[in-house]
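Biologist: Hi! Could you walk me through this one? I'd like to get a feel for how it is put together.

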Amino acid sequence: MLDDRAKLLLKTLVERYIADGQPVGSRTLSRSSGLDLSPATIRNVMSDLEALGLIASPHTSAGRIPTHRGYRLFVDTMLTAQREQMSTPSLAPDQPQKVIANAAHLLSNLSQFVGVVMAPRRASVFKQIEFLKLSDRRLLVIIVSPDGDVQNRVIFPEADYSQSQLVEASNYINAHYAGLTIEQVRDRLQSEVEKLRGEIAALMQAAVQVSSEVLNEAQEDDVVISGERNLLAVSDFSSDMGQLRRAFELFEQKAQLMRLLDVSSKAEGVRIFIGGESQVVPFEELSIVSANYEVDGQVVGTLGVIGPTRMPYERMIQIVDITSRLVSNALSHRK
């Protein structure tokens, strides 16, 4: 555990490094922390923090910079985001696609980093399900959504069904479950499975599984990104084209971004992911500040800012929090 003096010096060091982008020496810490400590005492504390893996000495510099562990401790225990008056344009109620695009631009413009928004998840509701026998123990499941979108999946059930059994199962499912969400169907199926005949119960379970996969499947246009070129102006990247190239590869791999934002959607409030600390953000140079947004009280998507680990986290928290509220209001009032 760090004592109060060590915590204050670490907090000061992180804040100075975020502001200046230069390794922080003991004299700067002495002036900025407000503590009446000798340079020798500060160096001893810095040595302890370095031994804990919270700060590091880059190259031959006498100063120190925060490590990813240091950033994590800072954002988890020392960050005090002050609400300040920010000039933010409103997001007018409009078509969801336009609201999402405008939100990505807003995040990018306010942060001067990259804004990313996951479009509202499609409601996991099916209008109709049909089964078609392809061969022994090989079935085609045809799923029709309420808006007429058709998806097909091949499944390999354990039992061999006749076409008449498949038609009966389709008729039963469509008559009793069409229009419900997959979650509602799954809940009802758990309580009703003993009442259903074996073949219908098994096909129901298979239909629920493939429907869940299809209707929640991430498409590339489900992620809107704005401001990638802002990273060209970030000194942390401009001096290392390899880092910049890896960052741009992330934006091209939208499926990976979807997985990352999906992790963010499982928590409330603003979340911060420090690059390199886990497989969630496998790029050491990047951090992500994200939050969910809602439609009529239901969480439907996630948005955030992607930038260097040396970013002003307090301001990013405010930008992301405010934008998530603007998006929620715009989509909820779009009637």
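Biologist: Which residues in the largest nonpolar core touch the most other members?
Modeller: Happy to help, and bear in mind that this is a predicted model. The residues you want are Met46, Leu49 and Tyr313, in a core of 72 residues.

Biologist: Which helix gives the largest share of this core?
Modeller: That is helix H12, residues 313–332, which supplies 10 residues.

Biologist: Back to methionine 46, then. What is it in contact with, leaving aside neighbours within four places in sequence?
Modeller: Methionine 46 contacts Leu9, Leu13, Leu29, Ile55 and Arg64.

Biologist: And what about another core, apart from that one: how many residues does it have?
Modeller: The other core has 23 residues, including Phe126, Val141, Leu196 and Val210.

Biologist: Let's change topic to the helices. At what angle do the axes of H1 and H2 cross?
Modeller: Roughly 105 degrees, and the axes come within 10 Å; H1 covers residues 4–20 and H2 covers residues 26–33. Angles of 65 to 115 degrees count as roughly perpendicular, so H1 is roughly perpendicular to H2.

Biologist: Which residues meet there?
Modeller: From H1 you have Leu8, Leu9, Thr12, Leu13 and Arg16, and from H2 there are Thr28, Leu29, Ser32 and Ser33. By class, the contact of H1 with H2 has four nonpolar residues, four polar ones and one charged.

Biologist: Now the sheet, please. What order do the strands have?
Modeller: The order is S7-S3-S10-S9-S8, in an open sheet of five strands with antiparallel pairing. S7 (223–226) and S8 (271–274) are the edge strands, each pairing on one side only. From one strand to the next, the twist averages 20 degrees.

Biologist: Where does H12 come in?
Modeller: H12 packs on the sheet and touches S8, S9 and S10, with its direction about 25 degrees from that of S9.

Biologist: Tell me about S3. How many bridges does S3 make with S10?
Modeller: Four bridges, in the antiparallel sense, between S3 (residues 114–118) and S10 (residues 298–308). Valine 117 is opposite leucine 303 in S10. S3 is also joined to S7 by four bridges, again antiparallel, and glycine 115 has serine 226 in S7 as its bridge partner.

Biologist: Is S3 mostly covered or left open?
Modeller: Mostly covered, with five of its five residues buried. Val114, Val116 and Met118 lie on one side, Gly115 and Val117 on the other, so to speak, and both faces are covered.

Definitions and conventions
Residues numbered from 1 in each chain as written. Predicted model: local features only at pLDDT ≥ 70, side-chain atom pairs only at ≥ 80, totals over all residues. Heavy atoms only, no water. Axes fitted to C-alpha atoms, helices over the stretch in contact; angles between N-to-C directions. Helix = DSSP H or I, 4+ residues; strand = E, 2+ residues; numbered from the N terminus. Parallel < 35°, antiparallel > 145°, perpendicular 65-115°, else oblique. Contact = heavy atoms within 4.5 Å. Nonpolar A, V, L, I, M, F, W, Y, C, P; charged D, E, K, R; others polar. Core = buried A, V, L, I, M, F, W, Y, C linked by side-chain atoms within 4.5 Å. Buried < 20%, exposed > 50% of the residue type's maximum accessible area, 1.4 Å probe, protein only. Pairing = 2+ DSSP bridges.
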